[in-house]
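User: I am new to this structure and should like to learn how its features are read. Please guide me through it.

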Amino acid sequence: MAIAAMGKEMAASLDLRNTLSPRPTPGAGLLRGLLGKGRPLVMGVLNVTPDSFSDGGRFLDPAAAVAQAQRLAAEGADILDVGAESSRPYGNAVAVPLDEERARLAPILPAVIALSIPVSIDTMKAAVAAWALDAGATIVNDVWGLQRDPDMARVVAAHDAPVIVMHNRDAADPRIDIVADVTAFFERSLAIAARAGIPSEQIVLDPGIGFGKTAEQSLTCIARLDAWRGFDLPLLVGASRKRFIQAVVPSEPMERLGGSLAAHLLAVENGAAIIRVHDVAPTVQARAVAAAIRRAR
Ligand code: HH2
């Protein structure tokens, strides 16, 4: 069966499933198990969008999206992060209606989940998160850290799902102390999470490289990652292909692999437990070599 046709059939069963009871959730054991692998986790990015900043339009076609998910899995991704609305780290946000976001995901999500790698849903909408979790996604990645959609924390708690709480701002302000701003944002998110009943073992913190930050502030967030170790929660860094790299070495997004690898290796040195990347194979190789060098010390 062609992948697109398979996707349609699976999407139909997904709709049906949503009228039935939701799947049992893996609870805190999932995140604990992943982090227990004893190495930094590589989260592979799948953007089912026309307008993502580096690969918009490449995986909008369901067959291309599923093939990319299979590739990321084969290359060694520990988690697949699937998104259908560009989070537009650099402004010009084009809000995607709920139905459109779900329509982009429906033909591919079952096939991605069938790869048996934990799937995180990269969305700012509680309704999309709930729908994807009911369909078998197991992690929520909220680029507004539970602070944009007022129903997000409830959905995460109700599904007993791990959640990535990412720092964000509407606009960059070069005058602020970015470390203090991120810290205050995390504190607000953690208070929202606690009120909703999300256990702290289910939370990952992410300073949101490129989001509402100058290039210097993004560099600072990676350099000062240890500032957030005091929260005693796993940290995620997503520096892949981001614009701060161009501020160091002029380059187009697809020419930023070297900068992405450098940023992620240093993030790991500074305490990142998860790195979010578009290029899984080179990152897995870099992780292995860095680990071998560390062992040879
Ligand atoms: N970056 C992007 C999207 N989602 N989620 C987390 N937790 N951390 C990040 O740094 C992060 C994220 C932006 O990258 P991409 O998905 O490739 O671009 P777009 O949002 O334009 O689709």
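User: Which residues are closest to the ligand, and how many surround it?

Analyst: A residue is near a molecule if one of its heavy atoms lies within 4 Å of it. Here 18 residues surround the ligand, and the closest are Ser52, Ser86, Ser87, Asp206 and His278. Please note that this is a predicted model, in which local features need pLDDT of at least 70 and side-chain atom pairs count only at pLDDT 80 or more, while totals for chains, interfaces and linings use all residues. Residues are numbered from 1 along each chain as its sequence is written, and side-chain values use heavy atoms, with hydrogens and water left out.

User: Which polar side-chain atom lies 3.0 Å from an oxygen atom of the ligand?

Analyst: A polar contact with the ligand is a pair of N or O atoms within 3.5 Å. Asparagine 47 supplies such a side-chain atom, 3.0 Å from a ligand oxygen atom. In aspartate 122, a side-chain N or O atom is 3.0 Å from a nitrogen atom of the ligand. For glycine 238, a polar backbone atom is 3.3 Å from a ligand oxygen atom.

User: At what angle do the axes of helix α8 and helix α9 cross?

Analyst: Axes are lines fitted to C-alpha atoms over the stretch in contact, and angles run from 0 to 180 degrees between N-to-C directions. Helices are DSSP runs (H or I, at least four residues), numbered from the N terminus. The axes of α8 (residues 178–196) and α9 (residues 215–223) come within 9 Å and cross at roughly 70°. The two helices are therefore roughly perpendicular to each other, a term for angles of 65 to 115 degrees. Contact (heavy atoms within 4.5 Å) joins Ile178, Val179 and Val182 of α8 to Gln217, Thr220 and Cys221 of α9.

Note on methods: Polar contact = N/O pair within 3.5 Å; in protein donor to acceptor, adjacent residues only side chain to side chain. Parallel < 35°, antiparallel > 145°, perpendicular 65-115°, else oblique.
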